Amino acid sequence: ILYKGIEGNYNHPTKFELSNWAQPSGLCIDRKRKVLFVANAESSSIRKFNFCERRIMNVVGGDENDPQNLFAFGDLDGLCSEAKLQHPLAVVWVEPLNVLLVADSYNHKIKQVDFNQNKCSTLGIEVQEPSGLAFEETSGQVFIADTNGHCVKCYSLNDKTVVSIHFDRLVL
């Protein structure tokens, strides 16, 4: 169990079961590194549970100095330790690039966490409160639930193009 029932953003240094969460929303797994990523929406952060180390750690966003501060949100790219998000709802792991994509819902953006550079940056994709992400590895496509745009979009990691999905023409 990764939740003790008290809303917050606390990462206990030795007992993961004493950590707490604030509206955990999107989940994805990096199987190679045995890590579960969690969009911790209410604390505006992305956190990870490392299955090998049995601990929870912050990835980006939130307030690591005050885990009860649920108002440490913003829209700031940069080093993961300094970057800010606002109510992220979804995450998806993109193994070929060693990046995590984040649906930064209230900032109306898709952000990329690059683990090679330890940076978080905004992708140039126009969305309105994105709430879901899926990655199709063979084609290199990311599907985006553009919630307030009332559509599903497809972003090509190969050529950086974005199109709205016409399901009658969709091929996988």
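Between which two strands is the loop that holds K34? In this predicted model, K34 has its place in the loop that lies between β1, residues 24-30, and β2, residues 35-40. The backbone of K34 deserves attention, since its phi is near 55°, a positive value in a residue other than glycine. Most residues other than glycine have a negative phi. As for its surroundings, K34 is partly exposed, with a relative accessible area of 47%.

A second lysine can be read alongside this one. K160 also has a positive phi, of about 60°, although K160 is not a glycine, and its place is in the loop between β12 and β13. With a relative accessibility of 52%, K160 counts as exposed, because the cut-off for that class is anything over 50%.

The loop of K160 leads into a sheet. Four strands make up this open sheet, in the order β10-β11-β12-β13, and their pairing is antiparallel. At its edges are β10, residues 130-136, and β13, residues 162-164, each of which pairs on one side only. On average, and with direction ignored, neighbouring strands of the sheet are turned by 25° against each other. Within the sheet, strand β11, residues 141-146, and strand β12, residues 151-156, run antiparallel and are joined by six bridges; for A145, the bridge partner in β12 is V152.

From backbone pairing the path turns to the aromatic side chains, where the count comes to five aromatic pairs. One of them is formed by F37 and W93, whose rings are stacked, with 5.5 Å from centre to centre and 15° between the planes. Because F37 lies in strand β2 and W93 in strand β6, residues 88-94, this pair ties together parts that are 56 residues apart in sequence. What is the relative accessible area of F37, and is this residue buried or exposed? F37 has a relative accessible area of 3% and is buried, while W93, at 9% relative accessibility, counts as buried too; both labels follow because buried means under 20% relative accessible area.

Other rings are linked as well: F16, F49 and F51 are brought into a cluster by ring pairs. A contact of another kind involves W21, for the charged end of R47 sits over the ring of W21, at 4.2 Å from the centre of that ring.

How values were computed:
Residues are numbered from 1 along each chain as its sequence is written. This is a predicted model: local features need pLDDT of at least 70, side-chain atom pairs count only at pLDDT 80 or more; totals for chains, interfaces and linings use all residues. Side-chain values use heavy atoms; hydrogens and water are left out. Two strands pair if DSSP finds at least two bridges between them. Axes are lines fitted to C-alpha atoms, for helices over the stretch in contact, and angles run from 0 to 180 degrees between N-to-C directions. Buried means under 20% relative accessible area, exposed over 50%, partly exposed in between (1.4 Å probe, protein chains only). Rings of Phe, Tyr and Trp (its six-membered ring) pair if their centres lie within 6.5 Å; planes under 30 degrees apart count as stacked, over 60 as edge-to-face and the rest as tilted. A charge sits over a ring if NZ of Lys or CZ of Arg is within 6 Å of the ring centre and within 35 degrees of the ring normal.
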